[in-house]
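Q: I am new to this structure and would like a close look at a single part of it. Please take me through that part step by step, with the terms explained along the way.

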Amino acid sequence: MPSKKALVRRPSPRLAEGLVTHIEREKVDVGLAVEQWEAYVEALRTHGWETIEVDPEDDCPDSVFVEDTVVMYKNVALITRPGAESRREETVGVEEAVARLGCSVNWIWEPGTLDGGDVLKVGDTVYVGRGGRTNAAGVQQVRAAFEPLGARVVPVPVSKVLHLKSAVTALPDGTVIGHIPKVDRPSLFPGFLSVPEESGAHVVLLGGHKLLMAASAPKTAELLTDLGHEVVTVDISEFEKLEGCVTCLSVRLRELYA
């Protein structure tokens, strides 16, 4: 029986100090960001997800991007070792949350680094972005953790964006979607659909053919609606200023053993 639980984490009051790597820094309105976060969490709940709040980490500006701290595969929670040293403290609260949910917990160890935003799962294929935040040792450790459970781990070069999932995500049928100027190697994906906007490459699968997307990608929303998907949009403008997207703001736990 698939589970529909999602870990989320309230934005830090220091959110505006979050890291930016591939884009120019813009002023972040923290009050608006909190409202947008609440609307995002509400959208998950409305579509049948039970949201679990990880204890906030107010001293870590990027802590709202909870996806980077853990990668789920089946019942295993792989606690990451974020590529940016300033983010390493974020994993502590997440580790407690997944342990409480009964996950089997594994860790990425030094010298490995891994950000959860670099991992895209499509069925039993686990694509791992090898870029600025995830190193080769991190890729090897993902392989060691998940291959014994039946995963096929495929490393993917990432140089144009922060994380693999800044470039590509996947539709319910397994088609990988991305905005070509931001994708290093589209040919690595067996089924690839090009989308017209960068933020159109980011979808959260809500269940059935429902997709959660950012309001900033109306052309892609139209394209995907035309392909028979039901699109739910949320405005996450303040998080986009920090290279965040709809996937980064939650960790979906779909295969927990009841």
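Does histidine 163 count as buried or exposed, and what is its relative accessibility?

A: This is a predicted model, in which local features need pLDDT of at least 70, side-chain atom pairs count only at pLDDT 80 or more, and totals for chains, interfaces and linings use all residues. Residues are numbered from 1 along each chain as its sequence is written, and side-chain values use heavy atoms, with hydrogens and water left out.

Histidine 163 has a relative accessibility of 3% and therefore counts as buried, a word that means under 20% relative accessible area, while exposed means over 50% and partly exposed lies in between, with a 1.4 Å probe and protein chains only. The residue sits in the loop that runs between strand S8 (152–157) and helix H4 (164–167); helices (H or I, at least four residues) and strands (E, at least two) are DSSP runs, numbered from the N terminus. Once its neighbours within four places in sequence are set aside, histidine 163 is in contact with Asp68, Asp115, Gly117, Asp118, Arg133 and Val158, where contact means heavy atoms within 4.5 Å.

In an unreviewed entry, UniProt lists His163 together with Cys248 under "active site"; such positions are given in the numbering used here, feature names are shortened, and annotations may be inferred rather than shown by experiment. The two span 86 residues in sequence, yet their C-alpha atoms are no more than 10.0 Å apart, so they gather at one spot. Both His163 and Cys248 belong to the lining of the largest cavity. Here a cavity is a set of points, on a 1 Å grid over the protein atoms alone, where a 1.4 Å probe fits but cannot get out, and lining residues have an atom within 4 Å of a point.

Cysteine 248, the partner in that record, lies in the loop between helix H6 (237–240) and strand S15. With 6% relative accessibility, cysteine 248 also counts as buried, and, not counting residues up to four places away in sequence, cysteine 248 touches Val64, Phe65, Val66 and Glu67.

The sulfur of cysteine 248 is 3.4 Å from the closest cysteine sulfur, which belongs to cysteine 245, and this is too far for a bond. A disulfide is counted here when a pair of cysteine sulfur atoms lies within 2.5 Å, and the structure holds 0 disulfides. Cysteine 60 is buried as well, with a relative accessible area of 5%, and its sulfur is 16 Å from the closest cysteine sulfur, in cysteine 248, again too far for a bond.

Methods: On a 1 Å grid over the protein atoms alone, a cavity is a set of points where a 1.4 Å probe fits but cannot get out, and a pocket is an open set with protein on both sides within 12 Å along at least five of seven lines; lining residues have an atom within 4 Å of a point.
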